[in-house]
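Work through the exercises below with the model open. Each task is followed by its solution, step by step.

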Amino acid sequence: MITETEPETTETQTTRGRVYVIDRGRPKLRAGQGLLTGLDVVFRHFRDALTRKLEKPSQQTGVFTVQYPEERLKLPEAFRNFPILLYDDETGHELCTSCFQCQRICPPQVIHMTQARDPATGKAVPAVAEFLIEYDACMSCGLCAEVCPFDAIKMDHEFEFSTDVHGGLTINKAGLNRPISYYEKIAPTFWAEVKDGAMKKLQGNMKRRPDLIGVAPQMIDTIKAKRAEVAVAQAPAPSPSAPDSAPTDKAARLAAIRAKAAAKEADAQPAPSDDSAPTDKAARLAAIRAANAARKDEAANVAQTSDTTSDDKAARLAAIRAANAAKKAAAEGAPAPASDAPPAASSTSDDKAARLAAIRAANAARKAAAEGASAPASDAPATHAAPASDTPPAASSMPDDKAARLAAIRAANAAKKAAAQKQDGNDDQ
């Protein structure tokens with residue numbers, strides 16, 4: 001156990017006064033022992049410098065150098081070198097409002113700024129247009145950061161600014177700007193203390209800044225790109241292309257072709273007698289008018305692709321009415337029973353041929369109507385679905401529907417006239 005002895009004090013009288021000698025309990029070094037003790041200290045430090053590294057402040061010997069620039073010591077948050085300006089990472093707006101407080105407080109007067117103005121009205125805006133700091137004359141006192149009411153100017157940790165160009169140390173606003181995330185990384189505690197107040201003040205200043213005034217120069221292109229993306233996303237979707245109505249047009253053309261074929265087949269029948277001529281002529285006229293109505297519907301469908309559903313409904317309605325007119329003409333054109341004698345064999349065959357032509361025209365019209373009704377349901381997209389039963393047809397289909405009704409009425413009148421003439425002929429016989 002080591003015990004500490006009290007030093008002994010002795011008093012000696014000399015000619016110049018009293019001398020106090022303090023005995024610390026150490027043996028006196030004699031015959032070069034002091035030299036050996038000093039060399040021991042030197043060799044011990046030399047050995048530790050090669051084999052031991054300082055890890056704690058309490059250690060007195062060891063390697064304490066850093067292999068700069070590969071190794072760097074961590075700087076404390078309070079370290080200050082030169083001022084920088086902060087801007088928001090998301091919006092790009094600078095926290096500086098050009099209040100000129102830092103310019104007034106700067107002892108060497110190395111801060112110079114210009115306030116931004118609204119280009120439309122010419123009034124001052126709470127934003128800085130240009131900001132210059134002469135780093136070569138800055139004394140890094142940090143007064144500008146302390147006096148800033150918006151926490152827009154802070155002291156940076158960067159110190160490697162050696163250069164042989166004197167003017168290169170005059171930094172403009174683009175060189176001074178740093179994102180808030182950068183300062184939060186080097187001084188997290190300091191920024192956490194002022195974050196809420198600084199961001200609240202920034203939101204109020206942003207409302208008074210028109211367009212891109214007050215945005216950091218390096219963020220202008222990014223903000224414009226984001227605005228372009230938002231505009232493209234909000235643009236209306238393009239309307240469906242015209243080829244969607246191709247199945248409906250094809251069905252209308254097919255109905256017209258079949259009506260033409262029926263008319264040609266009716267024309268190819270043998271010439272009837274004088275008594276059956278009006279009935280055969282009425283049947284051919286009904287078939288021709290049905291073909292004309294189908295052709296007109298086809299032209300309307302090609303010209304107006306946006307109203308394909310209404311036009312298709314009008315074409316089907318015209319085909320159905322033409323079929324009904326042909327049926328009625330065939331029914332009314334049937335031979336009435338003779339009062340005295342049966343008709344001749346030639347008139348019977350001609351009347352049969354006329355009825356057969358009318359029946360074929362009715363079948364062709366009915367088949368065209370059935371195919372025209374089934375084609376849009378299987379092929380047409382959902383955007384061209386048929387309208388509800390209580391919805392009136394489009395205005396563009398009204399003229400076509402009127403023409404179809406007119407054709408049906410004319411066919412019915414011709415059939416009635418032919419039947420009346422047939423009856424008069426039978427009565428005369």
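Two strands count as paired if DSSP finds at least two bridges between them. Helices (H or I, at least four residues) and strands (E, at least two) are DSSP runs, numbered from the N terminus. This is a predicted model: local features need pLDDT of at least 70, side-chain atom pairs count only at pLDDT 80 or more, and totals for chains, interfaces and linings use all residues. Residues are numbered from 1 along each chain as its sequence is written, and side-chain values use heavy atoms, leaving out hydrogens and water.

**Exercise 1. Trace the sheet that contains S3.**

Step 1. Start from Leu86: its bridge partner in S8 is Arg178.
Step 2. Extend to the strands. S3 and S8 run parallel, joined by three bridges.
Step 3. Set the order. The open sheet has three strands, S6-S3-S8, with mixed pairing.
Step 4. Find the edges. S6 and S8 (177-179) each pair on one side only.
Step 5. Add the twist: it averages 50° from one strand to the next. Axes here are lines fitted to C-alpha atoms (for helices, over the stretch in contact), and angles run from 0 to 180 degrees between N-to-C directions.

**Exercise 2. Map the largest nonpolar core.**

Step 1. Fix the terms. Buried means under 20% relative accessible area, exposed over 50%, partly exposed in between (1.4 Å probe, protein chains only). A nonpolar core is a set of buried Ala, Val, Leu, Ile, Met, Phe, Trp, Tyr and Cys residues joined through side-chain atoms within 4.5 Å.
Step 2. List the hubs. Of its 33 residues, Leu95, Ile111, Phe131, Ile133, Tyr135, Leu176 and Trp191 touch the most other members.
Step 3. Assign the suppliers. Those giving at least two residues each include S4 (111-117), S5 (124-134) and H5 (180-186). H6 gives the largest share, four residues.
Step 4. Inspect one hub. Leu176 touches Pro83, Ile84, Leu85, Phe131, Ile133, Tyr135 and Ile171, leaving aside residues up to four places away in sequence. Contact means heavy atoms within 4.5 Å.
Step 5. Look elsewhere. A second, separate core has six residues, among them Val215, Ala216, Met219 and Ile223.

**Exercise 3. Where is the kink in H6 centred, and what do the buried residues of H6 pack against?**

Step 1. Locate the kink: about 55°, centred on Val194. The bend at a residue is the angle between axes fitted to the seven residues ending there and the seven starting there.
Step 2. Pick the buried residues: Trp191, Ala198, Leu202, Asn205 and Met206.
Step 3. Name their partners. They pack against S3, S5 and H5.
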